[in-house]
Amino acid sequence: MLEIKVKTFQQLTIQELYGLLQLRSDVFVVEQDCVYQDLDGKDQKALHVLGFKNGKIVAYTRIFKPGDYFNNASIGRVVVAKNERQYKYGYDIMKASADAIKNHFNETKIKISAQVYLNKFYNNLGFKTIGDEYLEDDIPHIAMIKE
């Protein structure tokens, strides 16, 4: 069971910031072998959804109110530690993120830019594909909306 915390950038402890950046780097840079600029200046605007297991961040997203990233509210940087994926924490962190968007921004319509290989995962969460595939950091992505 994940312990979920939702925090602004200013509320993050130094240890939490380090932990979430380490998790994002472990998966998006090292595991996916993708050189990209993770520190994009958007973390300061985001709400951070942290999934803790035994005091360690093992799942994470960042969420944005409408207009801060897309016209709609959005979820990004969806990540679960490789050795924790068998527990289906991706579903837990995404549900917690959708709840946080509803609670903090009073929004239910959510747009994401999803890696194509995760299309079925996001379909299972109620997201529908919109538009065509595109490359983002040399990885195929697709825009998806949940109403």
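**Exercise 1. Helix α2**

How many residues does α2 have, and how far does α2 reach from its first C-alpha to its last? Then state which of its residues are buried and what follows the helix.

*Solution.* The model is a predicted one.
- Step 1: α2 has 17 residues and reaches 23 Å from first to last C-alpha, close to the 24 Å expected at 1.5 Å a residue.
- Step 2: The buried residues of α2 are Tyr 89, Gly 90, Ile 93, Met 94, Ala 96, Ser 97, Ala 98, Ala 100 and Ile 101.
- Step 3: These buried residues pack against β1 (3–8), β2, β3, β4, β5 and α3.
- Step 4: After α2 comes Asn 106, which has a positive phi near 55 degrees.

**Exercise 2. The sheet and the helices upon it**

Determine the strand order of the sheet, identify its edges, and place α1 and α2 relative to the strands.

*Solution.*
- Step 1: The open sheet consists of seven strands in the order β1-β2-β3-β4-β5-β7-β6, with mixed pairing.
- Step 2: β1 and β6 (128–136) each have a single partner strand, so each of these edge strands has one side without a neighbour in the sheet.
- Step 3: On average, and ignoring direction, neighbouring strands of the sheet are turned by 25 degrees against each other.
- Step 4: α1 packs on the sheet, where it touches β1, β2, β3, β4 and β5, and its direction makes about 90 degrees with that of β3.
- Step 5: α2 lies across β1, β2, β3, β4 and β5 and runs at about 40 degrees to β3.

**Exercise 3. Pairing of individual strands**

Establish the sense of pairing for β2 with β3, β4 with β5, and β5 with β7, giving a bridge partner in each case.

*Solution.*
- Step 1: β2 and β3 are antiparallel and share seven bridges; Leu 47 has Ile 63 of β3 as its bridge partner.
- Step 2: β4 and β5 run parallel and are joined by two bridges; here Ser 74 is partnered by Lys 111 in β5.
- Step 3: β5 and β7 run antiparallel, with six bridges between them; Ile 112 has Met 144 of β7 as its bridge partner.
- Step 4: With α2, the strands β4 and β5 make a right-handed β-α-β unit.

**Exercise 4. Ser 74 and Tyr 69**

Is Ser 74 buried or exposed? Compare its surroundings with those of Tyr 69.

*Solution.*
- Step 1: Ser 74 belongs to strand β4 (residues 73–80).
- Step 2: Ser 74 counts as buried because its relative accessibility is 1%, and the cut-off for buried is under 20%.
- Step 3: Not counting residues up to four places away in sequence, Ser 74 touches Arg 62, Ile 63, Phe 64, Tyr 69, Ile 101, Ile 110 and Lys 111.
- Step 4: Tyr 69 lies in the loop between β3 and β4 and is partly exposed, its relative accessible area being 33%.
- Step 5: With neighbours within four places in sequence left aside, Tyr 69 contacts Lys 42, Arg 62, Phe 64 and Ser 74.
- Step 6: The C-alpha atoms of Tyr 69 and Lys 42 are 8.3 Å apart, although 27 residues separate the two in sequence.

**Exercise 5. The largest nonpolar core**

Which residues of the largest nonpolar core touch the most other members? Trace the contributing elements.

*Solution.*
- Step 1: The core holds 39 residues, and Ile 112, Tyr 122 and Phe 127 touch the most other members.
- Step 2: Elements giving two or more residues include α1 (14–31), β2 (47–53), β3 (56–64), α2 (89–105) and β5 (110–115).
- Step 3: α2 supplies the largest share, seven residues.
- Step 4: Leaving out residues up to four places away in sequence, Tyr 122 touches Val 78, Met 94, Ile 112, Ala 114, Phe 127 and Met 144.

How values were computed: Residues are numbered from 1 along each chain as its sequence is written. This is a predicted model: local features need pLDDT of at least 70, side-chain atom pairs count only at pLDDT 80 or more; totals for chains, interfaces and linings use all residues. Side-chain values use heavy atoms; hydrogens and water are left out. Helices (H or I, at least four residues) and strands (E, at least two) are DSSP runs, numbered from the N terminus. Buried means under 20% relative accessible area, exposed over 50%, partly exposed in between (1.4 Å probe, protein chains only). Contact means heavy atoms within 4.5 Å. A nonpolar core is a set of buried Ala, Val, Leu, Ile, Met, Phe, Trp, Tyr and Cys residues joined through side-chain atoms within 4.5 Å. Two strands pair if DSSP finds at least two bridges between them. A crossover is right-handed if, with the strands pointing away from the viewer, the path from the first strand over the helix to the second runs clockwise. The expected span of a helix is 1.5 Å times one less than its number of residues. Axes are lines fitted to C-alpha atoms, for helices over the stretch in contact, and angles run from 0 to 180 degrees between N-to-C directions.
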